[in-house]
Amino acid sequence: MPNRRDFLKIGTALGAGAIVGGAIEYIIGQNEISKLKEDLEKSGLKLEPTINVYNWYDYIAPGVCDDFAEEYGVSLKYTTYSNPDEMFAKVRAGGSGFDVVIASDYKVGEMIQLNLLKKLDFEKIKNFKFVDKKFREPPFDPSQEFSVPYMWGTTGIGYNKSVVLEDFEGFEIIFDESKISKYSKKVVLVDEMREVFAAALKYLGYSINDTSEDHLNQAKELILKIKPHLLKFSAEQVKELLISGDAVLALGYSTDVYLASYQNKNIAYKIAGEGGTLWMDNLVLLSESKNVNVSHKFIDYMLRPAIEAINSNYLYIANPCKITVERGYVYPEIAGDPNIFPPDEVLDKLEMLRPFTQDERNLMGKLWSEIRA
């Protein structure tokens, strides 16, 4: 696995070198950057002086935001959240002050339903051309008016190979009490309602988007049955708990488990044999945003192949721009890992979480509250 401190050494073909003084120093790519600046000046597009970005914790390579701010001469304020419900509550309340939000797929759909997002002007997002077709017109934004993809991955099983010695196929290692009991109080589940229910539903043989009250109650009872063996539910601590050894088994996001494996070589990641969640995080523009032009510039910047590759290499995660793999910008250890870029036969078993209606959210929310009580 590549050294995280060297994540910007992507190769001369890419043209991105290393972080210097907090900004990304471009080598071959500097001519392209100069042309972009000239085009901006010629267009007469006036950029607002500030932009406020709201993103998941530890979900962007160091220096990327500083580089954008320096390149365009703006001030960028960066704030993080720990789970989609926290983000959603803050944005839905209004007056958040945020412009661009990196949001989970199904949350984008819910935000569209509530008119929380502005339509994007794709004339200002030229780098959208690099997005692979399979990540366009997603089910949560089928007309591709409100979002562009940022990164994608899966939710699966993280485990400590030095402790979890038995072979397992999938979610039975978590939901079969005879198996999870061996690791009692050393198991962490990501603190995200949809993801925990998705894993339980998949284990039971249902779709991760099943909203049958009977099936959801079955999932609830399954989760309650294993709850005594859990160390905790957590979002931002999955990685840290695996690194420290306090947890030896986890339901978590692929990127968190891979980041843990960098610091603890005993940590491994597995997509469950049953399948599970394929998630895609997206860049969206809030309806309340006052900084529309600079926000479009930021979204466009994040889709540059160089920046996509930098983030992929730092986060050990897949990006939606196939060109970054085809041209060797993404480390071969990442591009060739079937748990990061799954083969078609695995992808066929994965599902995206669809947006829920208010009634569906209320039902699952009630059951989740009973689980978390």
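How many cavities of 30 Å³ or more does a search of the whole structure find? Two, and we'll visit both on this tour. Keep in mind as you click around that this is a predicted model.

**Stop 1: a stacked pair of rings**

Start by selecting Tyr54 and Phe98. Their ring centres lie 4.0 Å apart and their planes meet at 10°, so this pair counts as stacked. Now colour by secondary structure: Tyr54 belongs to strand E3 (residues 50-56), while Phe98 sits in the loop between helix H3 (84-93) and strand E5 (100-104), so the pair ties together parts that are 44 residues apart in sequence. Switch on a surface and look for the two of them. Tyr54 is buried, with a relative accessible area of 1%, and Phe98 is buried too, at 6%.

**Stop 2: an edge-to-face pair**

Stay on strand E3 and select Trp56, then add Tyr253 from strand E9 (residues 249-253). Here the ring centres are 5.5 Å apart and the planes are at 75°, so the pair is edge-to-face. This contact ties together parts that are 197 residues apart in sequence. Both Trp56 and Tyr253 are buried.

Next, widen the selection to Tyr54, Trp56, Tyr57, Tyr81, Phe98, Tyr253 and Trp279. Ring pairs link these residues into a cluster. If you'd like to hunt for others, the structure holds 19 aromatic pairs.

**Stop 3: the largest cavity**

Keep Trp56, Tyr253 and Trp279 selected, and add Tyr59 and Asp281. Of the 16 residues that line the largest cavity, these five are the closest to its centre. The space inside comes to about 180 Å³. To see more of the wall, show helix H4 (105-113), helix H10 (254-263) and strand E11 (276-285), each of which supplies at least two lining residues. What classes of residue make up this lining? Colour by class and you'll find eight nonpolar, two polar and six charged residues.

**Stop 4: helix H7**

Now jump to helix H7, residues 193-203. Ten of its eleven residues are buried, so the helix is largely enclosed by the rest of the structure. The buried ones include Met193, Val196, Phe197 and Leu201, and charged residues such as Arg194, Glu195 and Lys202 are on the list as well. Zoom in on Arg194: its charged end sits over the ring of Phe356, 3.6 Å from the ring centre. Then follow the chain just past the end of H7 to Gly205, which takes a positive phi of about 95°.

**Stop 5: the second largest cavity**

H7 also leads to the other cavity. Select Glu195, Ala198 and Ala199, then add Thr155, Phe171, Leu251, Gly276 and Thr277, and you have the lining of the second largest cavity. It holds about 30 Å³ of space. Which element gives the largest share of this lining? That's H7, with three residues. Strand E11 turns up here again: E11 and H7 each supply at least two lining residues. By class, this lining has four nonpolar, three polar and one charged residues.

**Last stop: another charge over a ring**

Finish by selecting Lys270 and Phe168. The charged end of Lys270 sits over the ring of Phe168, 4.6 Å from its centre. You can put this pair on screen beside Arg194 and Phe356, where the distance to the ring centre is 3.6 Å.

Note on methods: Residues numbered from 1 in each chain as written. Predicted model: local features only at pLDDT ≥ 70, side-chain atom pairs only at ≥ 80, totals over all residues. Heavy atoms only, no water. Phe/Tyr/Trp six-rings, centres within 6.5 Å; stacked < 30°, edge-to-face > 60°. Helix = DSSP H or I, 4+ residues; strand = E, 2+ residues; numbered from the N terminus. Buried < 20%, exposed > 50% of the residue type's maximum accessible area, 1.4 Å probe, protein only. Lys NZ or Arg CZ within 6 Å of the ring centre and 35° of its normal. 1 Å grid on protein atoms, 1.4 Å probe; cavity = no way out; pocket = protein on both sides within 12 Å on 5 of 7 lines; lining within 4 Å. Points joined across faces, edges and corners; volume = space filled by probe spheres on them.
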